Amino acid sequence: MDDPKKLQRAALMRNHNFKWLLRGGVISMLGDQLTMVALPWLVLKLTGDTLALGLVIALMSIPRAVFILIGGAVVDRYSPKRVLMLSKYANALLLGLLTLLVLNNQPTMTVSLSASLSVTLDLNAHLTLMIIYVLAFGIGLAQAFGIPSGTSIMPQAIAAEHLQAANGFLMGLRQLSMLIGPLMAAGLLALSGNSGGVIADARGLAFAFGFDCLSFLVSAWTLSKVGKLTAPAQQEAPQSVLRSVGAGLMMVWNDVPMRMCFIYWGIVSLFIGGSMQVAIPVLASEQLHGASTLGLLMGANGAGMLLGMAGAAVAGARLRFASFGTVLLVVDGVAGLLVMPLGAVQAAWQAAALMLALGLLSGYMQVNVFTWIQRRVPPHMMGRAMSIFMFIFMGLAPLSAAVTGWVLTVISLSQLFFGGGIILVVFATLAYLLTPIRSITNNTPQPQ
């Protein structure tokens, strides 16, 4: 007798809509990873300023976080396919402009004051950075609508019995792209040179942004091949966007274990999450002295996340040594211990090993956290609960990133990593001793 799971997977792979969503998703994921590596490197090579890097990350992340709840409401009101298509075209336009900007960047020019005196001026660098700020803001704004539409289209595009397999398949591919994409970017960035703060050869950076631009256009074409979507079932009476968001916030607040976890995650994200987004590129640029090192570090982290997710999915129950809350806090404490020595490494392989271990812990906990939320939240509130969860990391981490750029002008990189690790260990310890988080169980009934 044939295995029912194999038959289900075979039926899924024959599904017309899933095949086109899968093709577009793979291409878009790889392009996104290239930009995630190339954009911080562009800012560092152009300015050498950690404050500028933090500001770029904040400008891309803050509009994504602020408008993501509105984006979800727009998706519910209109078609997720239409909103996703528009977001892809907007991203393609912005990345196309960024590609042209890099190719035409001439950061310095020489002005002759007399026959024997000339002065080299950095006239275009400031203007170029201002344009990057605007483009980063636009990319973040487009993502605020692309993320909720991308997560909403699958339930309307394929049959309900295939959803679990389809989501698991795409989740694994997303983590695989976090391994392959940065390694691709590492090879491209090696073409961009390493001379000071001036881009000696922009071909690698331009190709990275250009590939991401093309990936959005190709994925928009594949999206156009997706057939008619089924209308979602009406779960509650229509209400305004603000009332809908308020109902989601009240649901989270009234559920004490969820409220405690969300507050804890918000504190960790504010103090730790954003700082790592700035510190890792700076570590690769200033201490490990190689364009390819940034891709290596992010690739190692992606590989660790993939392994951690696989472990949680295959042997999750056997890997648990305590309740959900205790595991969460212990894993965070261990992660803090791994962050501490990052700033003191002298070789790329040492940093990659630490990033691999951090990714392993992150991937394992990501599966457990998402599963815990899905088991606890009623289905008709799931979208708002996940939006609030994403807002915590997308809204608070950018503030941390912006502040980190300034902090690095006051303290050393090694002090930043060591202090960040200590803060994470202290927060996890205090949460274990002073809050009921440690007693939160793995299987919790959905609140009524």
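**A surface patch, a long helix and two cores**

The largest share of the nonpolar patch on this model, four residues, comes from helix α9. The model is a predicted one, in which local features need pLDDT of at least 70, side-chain atom pairs count only at pLDDT 80 or more, and totals for chains, interfaces and linings use all residues. Residues are numbered from 1 along each chain as its sequence is written, and side-chain values use heavy atoms, with hydrogens and water left out.

By helices I mean DSSP runs of H or I, at least four residues, numbered from the N terminus. A patch takes residues with over 30% relative accessible area and no salt bridge (a side-chain nitrogen of Lys or Arg within 4 Å of a carboxyl oxygen of Asp or Glu), and its nonpolar side chains, Val, Leu, Ile, Met, Phe, Trp or Tyr, are joined within 5 Å. Here the members are I62, V66, W253, I263, I267, L270, F271, L399 and I423, with about 750 Å² of accessible area together, by the Shrake-Rupley method with a 1.4 Å probe, only the protein chains shown counting as cover. Of these, L399 lies in helix α13, residues 382–407.

Let me turn to the interior, where a nonpolar core is a set of buried (under 20% relative accessible area, 1.4 Å probe, protein chains only) Ala, Val, Leu, Ile, Met, Phe, Trp, Tyr and Cys residues joined through side-chain atoms within 4.5 Å. In the largest core, of 96 residues, Y264 and W265 touch the most other members, and α9 gives the most to this core, with 14 residues. A second, separate core of 15 residues includes M29 and V226.

Finally, helix α2 (residues 16–47) is largely enclosed by the rest of the structure, because 24 of its 32 residues are buried.

Technical notes: Buried means under 20% relative accessible area, exposed over 50%, partly exposed in between (1.4 Å probe, protein chains only). Helices (H or I, at least four residues) and strands (E, at least two) are DSSP runs, numbered from the N terminus. Patches are made of residues with over 30% relative accessible area and no salt bridge: like charges are joined within 9 Å, nonpolar side chains (Val, Leu, Ile, Met, Phe, Trp, Tyr) within 5 Å.
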